[in-house]
Amino acid sequence: MSADQGPTLLNTHFGTCSPYWHLAFDSNALELTAVKGKTHVAVALSEMQAAKIRRLSGITASLDLTIQLGGQPIHLHLVGRRVNKFKWAGTASAYTDTEAVARDLVHGLSFAEQVVSEANSVIVIVDQHGRVQRFNRLSEEYTGLQEQDVIGKNVFQMFMSAEEAAASRRNIAGFFRNGSSYEVERWIKTVKGERLFLFRNKFVHSGSGKKEVFLICSGTDITEERRAQERLRVLANTDVITGLPNRNAIQDVINQAISERGENSVGLVYLDLDNFKKVNDAYGHMFGDRLLIEVSHAIRGCLNQGDTLARLGGDEFLVLVSHADRIMLQDLAQRIIDRLKTPFRIGLIEVYTGCSIGIALCPEHGDDIDSLIRCADTAMYVAKEQGKRTYIVFSTEMNRRVAEYMWLDTNLRKGLEQHQLVVYYQPKVSTHNGAINSVEALVRWDSPERGLIPPLQFISYAEESGLIIPLGRWVLQTAARQAAKWQQQGLNIRVAVNLSVRQLVDDSIVDDLTEVLKENQLIPCMLDFELTESSLIEDEKRTREVISRLRALGAQVHLDDFGTGYSSLAQLARIPLDAIKLDQSFVRGVNMAPVSQSLIRAIVATAEALQFRVIAEGVETESENQFLDSVGVDEKQGFLFAQPMLPEQLEHWLQSYRPRLPSR
């Protein structure tokens, strides 16, 4: 057929010179229709023709091919693109129909043009010389410039300083040579202020037959994203309460200081606030947070220029001194201690807080961050144990303490699980008639590795680690079984069990007593409890409640080591006690110590007025015994009468025991 019959043929079949076409991924039939979505004619394509169409991408493009339509050949011009992964589609025109072809191209390419124009990215297309070829709508919004005003102008001169332009020219020239895509972040001055853009740059050929290459710069404003990342970085490295560097941040600073120290020493001052938990409990966490802020300001005022203060968490702070010596760190520690002796006023409340400080130096105590912090932390705990509100410089001897702690942590738990603990019993002698009415249960640890270990070597660790709760429960159960066994033998001996502060604040102690009494059918209750004066100081109200509940079950409660704590006479009058035990420090050598004699007389008189019994412990000599008899203590306990014994040994001892009359 003649060339000018192509449009007529299309009109005859479809009623239009520009029918729609589409090709499926699984068929080589080109479907033509006058109405989108409805097949009118299916034309078989060769494999080559179908492959040619399937090479179309998602960007509108054109191609031509010859098909048979109604038995007649027709040369078509197809404009279209890949619609999805299953379909290609567009419009068709007779190749000689210049007007229709042009219209289809305009309609098809206008889609691509609209994508570029309305894309949610800054799109700038430049040639090899940096001249602007396209400048989309978002580019206009950011810069305040119109596309028609920038086309053909040099992008380096318009948006970069001379230095940036020189560097960009060199970089882009190199990129044009190798044609590789690349990304770059660049700050751009816009009508919204200076903004950071991430440009993804890709090289494309013009497709016009000429060897022209253009650079498509697609930019995304990442200013807020970077600011959010920076905020997250700051949050990750900043203590939210005080605004100080946190543990994560200070570790980086310490590592840098160690790596750059040269011949200098790096110092750490590790602080732990004293009594902060009590402030939190008494006034609430919001008050505690405000106190932390005030404390951080106070510590800052003690620092030298260049020192770095961080909060590690809780009530712990750390000061890094990059160029330090021992004297400098000790002076700094003392300044902080002196400053924190001054009360802090928050609102209408005035509170006191001190601190315990540990000091470590690099390289003297370690040449890496882990060992340095560990040494400072260890020294701080030693300072806290030595009475608080003081500082200690780390020494190698402290490592032995850490090693001992680790040994106890492993082996005491194992000892409790493997029944290595045993209970010894020490008699209490009645001053009135010499009778043995009660004993004290004293736990010992029969370690396979170290032999018999006295409680002084492991009870403090059990308190600190929390093991005192299961350990105390085991001692109570063991003492209850023994008291029940003696009761069955006709020996009505009361057994006193030591009660720690941590056990006292644990509600389970009353439940434990109820359980062991029921389990061992121990009626009446033959168990007593000995607690220290510190129990009264920690939480007097709670202590009174627990003591009252224990006594209601038939247990007696004794105040142990009396005279070494800080309880007042007013407190003694409020606490429902049965007896007080004179600490052995008063008893030892009392016959030669007039001051101790006066104190014991005063304590005995006070106890009589409050209707408490008085028990003296640590009696070792006859002279001590005679004095105690003379002042009227009710019971005595010590090596003069008997050492702590296993149950079988105590039973044999009782068989041969002969009470002696009081010496007074």
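Which residues does D578 touch, not counting residues up to four places away in sequence? I looked this up before anything else in the model, which is a predicted one.

**Entry: D578**

I found D578 in the loop between α21 (569–574) and β25 (579–582). Leaving out residues up to four places away in sequence, I list R551, A555, Q556, V557, H558, F612 and R613 as the residues that D578 touches. R551 also appears in a polar contact, since its side chain is joined to that of D578 at 2.9 Å. I then asked whether D578 is buried or exposed. D578 has 16% relative accessibility, and because buried means under 20%, D578 counts as buried.

**Entry: the chain as a whole**

I noted the totals next. The protein chain has 664 residues, and 47% of them count as buried. I counted 25 helices and 27 strands in the chain. For the accessible surface I wrote down about 33,800 Å², with 51% of it belonging to carbon and sulfur atoms. I also looked at how far apart in sequence the contacting residues are. Of the contacts with a separation of 6 or more, 59% are between residues 24 or more positions apart.

**Entry: cavities**

Rolling a probe the size of a water molecule over the atoms shows where empty space is left. How many cavities of 30 Å³ or more does the count give? The count comes to one. I recorded a volume of about 40 Å³ for the largest cavity.

Which residues line the largest cavity? I have I469, R473, Q503, D506, S508, I509 and D512 in the lining. By type, the lining divides into three charged residues, two polar and two nonpolar. I sorted the lining by element as well. Helices α16 (468–488) and α18 (508–519) each supply at least two of the lining residues. The largest share is three residues, and it comes from α18.

**Entry: cis peptide bonds**

Most residues other than glycine have a negative phi, and most peptide bonds are trans. I went through the exceptions, starting with the peptide bonds.

The bond from C362 to P363 is cis, and its omega is near 15 degrees. I placed P363 in the loop between β17 (355–362) and α13 (369–385). The bond from I523 to P524 is also cis, with omega near 0 degrees. P524 sits in the loop between α18 and β23 (527–532). Helix α18 was already in my notes as a supplier of the cavity lining.

**Entry: positive phi**

I then turned to the backbone angle phi. N275 is not a glycine, yet its phi is positive, at about 65 degrees. I located N275 in the loop between β12 (265–273) and α10 (276–283). Is N275 buried, partly exposed or exposed? Its relative accessible area is 31%, so N275 is partly exposed.

Q611 is another residue other than glycine with a positive phi, near 65 degrees. Q611 lies in the loop between α23 (594–610) and β26 (613–617). With 71% relative accessibility, Q611 counts as exposed, because exposed means over 50%.

**Entry: helix α9**

I looked up two residues of helix α9, which covers residues 247–259. N248 is one of them, and D252 is another.

For N248, I set aside neighbours within four places in sequence and found contacts with A236 and N237. The side chains of N248 and N237 are joined by a polar contact of 2.8 Å. I have N248 down as partly exposed, with 36% relative accessible area. How far apart in space are N248 and A310, C-alpha to C-alpha? They are 9.7 Å apart, with their positions 62 residues apart in sequence.

D252 is partly exposed too, with a relative accessible area of 48%. That value falls in the partly exposed class because exposed means over 50%. I also noted the separation of D252 and I369, whose C-alpha atoms are 9.4 Å apart. Along the chain, D252 and I369 are 117 residues apart.

Terms used:
Residues numbered from 1 in each chain as written. Predicted model: local features only at pLDDT ≥ 70, side-chain atom pairs only at ≥ 80, totals over all residues. Heavy atoms only, no water. 1 Å grid on protein atoms, 1.4 Å probe; cavity = no way out; pocket = protein on both sides within 12 Å on 5 of 7 lines; lining within 4 Å. Points joined across faces, edges and corners; volume = space filled by probe spheres on them. Helix = DSSP H or I, 4+ residues; strand = E, 2+ residues; numbered from the N terminus. Nonpolar A, V, L, I, M, F, W, Y, C, P; charged D, E, K, R; others polar. Buried < 20%, exposed > 50% of the residue type's maximum accessible area, 1.4 Å probe, protein only. Contact = heavy atoms within 4.5 Å. Areas by Shrake-Rupley, 256 points an atom, 1.4 Å probe, with all protein chains shown as cover. Polar contact = N/O pair within 3.5 Å; in protein donor to acceptor, adjacent residues only side chain to side chain.
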